[in-house]
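This report describes selected features of one protein model. It treats the ligand site, a sheet and its surroundings, and the salt bridges in turn.

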Amino acid sequence: MTMRTITIDKAPLSVGEEITLRGWLYSKRSSGKIIFLQLRDGTGVIQGVLTEPDAPKLFAAADRLTRETSLIVTGTVREDRRAPSGCELQLIDFTVVHEPTAPFPIDLTEHTPGFLMDHRHLWMRTGRQVPILRIRDAVFRAVRSFFYEHGFVATEAPILTGTSVEGTTTLFTVDYFGEDAYLGQSGQLYLEATAMALGKVYWIGPVFRAEKSKTRKHLTEFWMAEAEMAYCDHTENLHLQEKLVAYIVEAVVQERREELALLKRDVDRLVEEVSLPFPRVDYAAAIELLQNNGHEISFGDDFGAPHEAFLGDHFGKPVFIERLPTSMKPFYMKRDPADPARVLAADLIAPEGYGELIGGSQRADSLEELHSQLAENHLSPEPYEWYLDLRRYGSVPHSGFGLGVARMIAWICGVPHIRETIPFARQINRLYP
Ligand code: 4AD
Ligand code: MG
């Protein structure tokens, strides 16, 4: 009889059966004549149990195993209410696939963040890292389902570009056959073009910012989920954003309950935070609120981390700060017709100090507006001619936004630093591994 090979997450469905698992030895402990092997395979961790009198030779072999040995095990799944997965494995046999050539560098106690990040390729096998990366997968899938269900077309923006979107100070320059090219800071301008062809579009793509900020919320390479919609105004834009955020949280909570439990995330709080609608607060009112609560900030200032933390706490859920000062924002945003010192834009600030989750706006849709706004931002119109064409041929009111995927994951997982939410973080001082 051939043994059924399953993954650890499916073990609870196989109680009483003999099964085969393929994975790695996560940890090991023994007490006298009984040995406990924690086995992992990426889908979960299960405890394998072996007693010496039952199989003395196998017991001796198990006793010699070192951490991260890859191995194939067979055994009988037994119910065990104390185990997180509800079951354990009575070992029958195992074969070693590869024995590590040195002790595994990540012991399961304490390391400095620097050491862990230097060993990211190995660190990711341990502890909280697997649940976080599985939640990341669920977030990506939720974003795609949401947009698919709402009639959006998936599209792409190029990474190599000839212009800036979000200002010229955070551009990475690369040599493009003797000319300067830049790594894309946002797919937005290109999505505006595809939206004029396809109506409603989105992508999840990598974007690059030469951010000199060394904070827990900044990476130099990160993934953005961006949407762009023809015939959509500022109000409709916010409405879609809040629905997306609630949808992602609800999908992840449903699909990844076990991982969230391993991370000790307060799921009830998270679900409460995404009850709709999210508050909309005028930027001027937000400044006043901050001032009245002892913060030093004035009209025209960007929010810093303490301001974002205060706003998130004050409202207890994500909050839109809208009608931002024109001076704070990039060239492409549409001015508020009621007050040209403001733009029809909003930042969505997360609760619990996770910072800005989304930046979005209605876009300037006339040639005249864009020409003068490019000039105000000291940008030459030449490389933007293709973008200006979108305002020459059937321009329509349109809006869009970009969601920072890493910050979204950090908030959902309750992890303080976004470097843990991406397999290989790129930061001002990190290009290895
Ligand atoms: O607010 P941002 O800069 O907006 C844009 O780039 C627009 N062009 C998007 C659009 O309208 N299509 O960036 C969007 C989001 C931020 O709200 C934040 O969550 C995240 O991207 N973000 C970062 N995440 C990690 N590291 C960084 N350095 C980030 N910079 C922005
Ligand atoms: Mg922003």
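## Ligand site

A polar backbone atom of Leu219 lies 2.9 Å from a nitrogen atom of ligand 1. The protein covers 94% of the 630 Å² of accessible area that this ligand has on its own. The model is a predicted one, and the distances and areas reported here are to be read accordingly. Lys217 also offers a polar backbone atom, at 3.5 Å from a nitrogen atom of ligand 1. From Glu166 the approach is made by the side chain, where an N or O atom is 2.6 Å from a nitrogen atom of ligand 1.

The surroundings of ligand 1 comprise 23 residues, of which Glu166, Gln188, Arg209, Glu226 and Glu356 come nearest. Three strands each supply at least two residues of this shell: β12 (221-230), β17 (356-362) and β18 (398-404).

## A three-stranded sheet

Strands β8, β10 and β9 form an open sheet in the order β8-β10-β9, and their pairing is antiparallel. The edge positions are taken by β8 (160-161) and β9 (173-176), each of which pairs on one side only. Between β8 and β10 (residues 179-183), the antiparallel pairing runs over two bridges.

Leu160 belongs to strand β8 and stands opposite Leu183 in β10. With a relative accessibility of 44%, Leu160 counts as partly exposed, because the partly exposed class spans the range between under 20% (buried) and over 50% (exposed). Leu160 also takes part in a nonpolar surface patch with Tyr176 and Phe177, and the accessible area of the three together is about 380 Å².

## Salt bridges

The model contains 30 salt bridges, counted with a cut-off of 4 Å between side-chain nitrogen and carboxyl oxygen. One of them joins the side chains of Arg269 and Glu352, with an N to O distance of 3.6 Å. Arg269 is located in helix α8 (residues 267-273), whereas Glu352 is in the loop between β16 (339-349) and β17; the pair therefore ties together parts that are 83 residues apart in sequence. Arg269 has a relative accessible area of 39% and is thus partly exposed. Strand β17, which borders the loop of Glu352, is also among the strands that supply residues to the shell around ligand 1.

Arg392 takes part in two salt bridges described here. Its side chain meets that of Glu385 at 2.9 Å, N to O, and Arg392 also forms a salt bridge with Asp389, where the closest N and O atoms are 2.8 Å apart. Each of these residues is classed as partly exposed: Arg392 has a relative accessible area of 33%, Glu385 has a relative accessibility of 32%, and the value for Asp389 is 30%.

## A salt-bridge network

A network of salt bridges links five residues, namely Asp282, Arg323, Asp336, Asp339 and Arg342. Of these, Asp339 and Arg342 fall within the residue range of strand β16 (339-349).

Notes. Residues are numbered from 1 along each chain as its sequence is written. Chains are lettered from A and ligands numbered from 1 in the order in which they are written. This is a predicted model: local features need pLDDT of at least 70, side-chain atom pairs count only at pLDDT 80 or more; totals for chains, interfaces and linings use all residues. Side-chain values use heavy atoms; hydrogens and water are left out. Two strands pair if DSSP finds at least two bridges between them. Helices (H or I, at least four residues) and strands (E, at least two) are DSSP runs, numbered from the N terminus. Patches are made of residues with over 30% relative accessible area and no salt bridge: like charges are joined within 9 Å, nonpolar side chains (Val, Leu, Ile, Met, Phe, Trp, Tyr) within 5 Å. Accessible areas come from the Shrake-Rupley method with a 1.4 Å probe; for residues, only the protein chains shown count as cover. Buried means under 20% relative accessible area, exposed over 50%, partly exposed in between (1.4 Å probe, protein chains only). A residue is near a molecule or strand if one of its heavy atoms lies within 4 Å of it. A polar contact is a pair of N or O atoms within 3.5 Å; within protein, one must be able to donate a hydrogen and the other to accept it, and residues adjacent in sequence count only if both atoms are side-chain atoms.
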